[in-house]
Amino acid sequence: MAMGTRGVEGAYQGALRAFQNPMLALLHQTHAPFVVTVLAMVFTAERPKVAVADSHAEINDALDQLRAAGYGDEDNQPLPTGNARDLCRQWVQAGWLVRQVSDDDVEVYRLSAYGVGALEVAGRVGGARTRVSESRVRTLLEAIERLAQDADPDVMARISRLHEEIQHRQKELTRLEQGGVVETVEDEQLLEAAENVLHLARELPADFARVAESIKAIQRDVVAELRHDTRPTGEVLREYLARGRRILDATPEGRAFAGALRLIGDPAQIEDLWNQLRTVLRHRFTGLLPEQQRRELTEISRRIEQGVKEVLTAQRQASHVITTQVRNHDPMRDRQVDELLRDVMSGLHKWVPGSRRGEAVEPLRRLPVADVGNLRQRTSDLRPPQPPAPLAEWDEAEDMPAADTRAWGGPRYAELRAHLASFAGDADSVDVIAAFRAAGEDIRRPVDLLGLLEIAHDAGMTETAEVAVVDTVRPDRTRRRFALGGVVAANPANADRSGGDE
């Protein structure tokens, strides 16, 4: 049966859209072998981000080596013209590289999701072909079985399957406990299973990169929408702050990653994965694997950790950018600035066609002043002023506390100064701590200790290496103990006499 015209046209338009994808554009261009080779050598699992200067130096070195080997002439595979700086700028514009600033304020390049996908496709086609093996078919069957189980809401069917699985496990456990041996697997089957694992793992870097870039695209869209939003500012702020916090749920890739994160986000799960990979690498069949595949097996857990970190970093940055934009930019003010700039551009478009070359432009020396007829100078309140509420009558004799409120006040400087001078006698100096211990309880409060130290400081005091402990008495006769350094002060009586002599 002949294909309809509409069907052919739709399929062709779909193919055109597919080949506009930067990943296919990279693989379809003339210099694709060189681009794939250089990007794969510069950006590795151990070095996903490379400083801009280092990238330029390494790509220039690769160009020089290939040209010295005879590549790039008319009879051999052509090489791109220009230096590494120009090439990297083209690759950034094409969407294969991303240029950004790292946490330590250094400009770096990293592969975009399209670049990672192109390298994976090229590596898969150029490397060993994945075969239809028992491992791949089992993976497919297990995935279909799990899908059917998750989609089936029948409780009895789920119970029946669990009973069958328990019986099977129990039978195998009984056999092993009775001296049975573990069934060995041929090296050929293990190799097929390892190839299937590598095939699945090769998809992860591109998947992680797509999630991170989808989050960054949402960030750009949200900031652009924020600048052109015409709703009230409060409503705009609430919505966009919420979108900044839920950035991971805004795309299908982000929601899928959130589900996967429940499996791979636990450090204990990554540690178990690494232990399992070490068990595999210790097996003798891994000696039959090429060195490249053994290295890929070793790096699976590191790739997962690195991908998760990249996505979570993109999430934090997007949330921070959106939140900062919302808090620091007023949508109404931004719209006014945009309208002002559009008015300026419109004025320039009208002025330029009628102007002559070299014509002087009269500058605007001052901003126009609004012509306001009359401004309100005072405001009046229709309600008459109300006097304050009258003070409540109270009897001083009844409401005054029975206790001496002065006892809870500040230091009694006069009594303390007199006691310190009396305790010193005719001596030139006095031990402040001993004087405090010898004072009566009415001037041995905690606050009086502080006042005595103030008097000693004014008279000129010297601290000693001794640590003294003193007991203070509060007005309610409760006691508190303090530890402080020993203090020797000049006799305040002598200070007063010397001041009087002057």
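Select Leu97 in this predicted model. Leaving aside neighbours within four places in sequence, Leu97 is in contact with Leu39, Phe43, Cys88, Trp91, Val92, Tyr109, Arg110, Leu111 and Ser112. Display these residues together with Leu97 before moving outward.

**The largest nonpolar core**

Leu97 belongs to the largest nonpolar core, a set of 26 residues. Phe34, Leu39, Phe43, Ile59, Trp91 and Leu97 are the members with the most contacts inside this core. To see where the core comes from, colour helix H3 (32-42), helix H4 (52-68), helix H5 (84-94), strand S3 (107-111), helix H6 (113-126) and helix H10 (204-227), each of which supplies at least two of its residues. Which element gives the largest share of this core? Helix H3 does, with six residues. In soluble globular proteins, nonpolar side chains tend to be buried together.

Next, select Val432, Ile433, Leu449 and Ile455. These residues are among the 19 that form another core, lying apart from the largest one.

**Ser55 in helix H4**

Return to helix H4 and select Ser55, which lies in this helix. Is Ser55 buried or exposed? Its relative accessible area is 1%, so Ser55 is buried. Not counting residues up to four places away in sequence, Ser55 touches Val42, Phe43, Val50 and Tyr109. Two residues from the first stop reappear here, since Phe43 and Tyr109 are also in contact with Leu97.

**Helices H13 and H14**

Now select residues 267-281, helix H13, and residues 291-298, helix H14. The two helices pack at an angle of about 155°, and their axes are 9 Å apart. That angle makes H13 roughly antiparallel to H14. On the H13 side, show Trp274, Leu277 and Leu281; they meet Arg294, Leu297 and Thr298 of H14. Sorted by class, the contact between H13 and H14 has four nonpolar residues, one polar and one charged.

**Glu195 in helix H9**

Move to helix H9 (residues 187-202) and select Glu195, which is placed there. Glu195 counts as buried because its relative accessibility is 18%, the cut-off for buried being under 20%. Then add Leu289 to the selection. Glu195 and Leu289 are 94 residues apart in sequence, yet their C-alpha atoms are 9.2 Å apart in space.

**Ala421 in helix H18**

Continue to helix H18 (residues 413-424), where Ala421 has its place. What does Ala421 touch, not counting residues up to four places away in sequence? Its contacts are Asn491, Pro492 and Ala493. Ala435 can be added as well: Ala421 and Ala435 are 14 residues apart in sequence and 9.4 Å apart from C-alpha to C-alpha.

**Arg477 in a loop**

Select strand S5 (461-473) and strand S6 (479-490), then the loop between them, where Arg477 is found. At 56% relative accessibility, Arg477 counts as exposed. The backbone here also merits inspection: phi of Arg477 is near 70°, a positive value in a residue other than glycine. Most residues other than glycine have a negative phi.

**The whole chain**

Finally, display the entire protein chain, which has 21 helices and six strands. Of its 502 residues, 28% count as buried. Among contacts between residues at least 6 apart in sequence, 67% join residues at least 24 apart. With the surface shown, the chain exposes about 34,700 Å², and carbon and sulfur atoms supply 54% of that area.

Definitions and conventions:
Residues are numbered from 1 along each chain as its sequence is written. This is a predicted model: local features need pLDDT of at least 70, side-chain atom pairs count only at pLDDT 80 or more; totals for chains, interfaces and linings use all residues. Side-chain values use heavy atoms; hydrogens and water are left out. A nonpolar core is a set of buried Ala, Val, Leu, Ile, Met, Phe, Trp, Tyr and Cys residues joined through side-chain atoms within 4.5 Å. Buried means under 20% relative accessible area, exposed over 50%, partly exposed in between (1.4 Å probe, protein chains only). Helices (H or I, at least four residues) and strands (E, at least two) are DSSP runs, numbered from the N terminus. Contact means heavy atoms within 4.5 Å. Axes are lines fitted to C-alpha atoms, for helices over the stretch in contact, and angles run from 0 to 180 degrees between N-to-C directions. Angles under 35 degrees count as roughly parallel, over 145 as roughly antiparallel, 65 to 115 as roughly perpendicular and the rest as oblique. Ala, Val, Leu, Ile, Met, Phe, Trp, Tyr, Cys and Pro count as nonpolar, Asp, Glu, Lys and Arg as charged, and the others, Gly among them, as polar. Accessible areas come from the Shrake-Rupley method with a 1.4 Å probe; for residues, only the protein chains shown count as cover.
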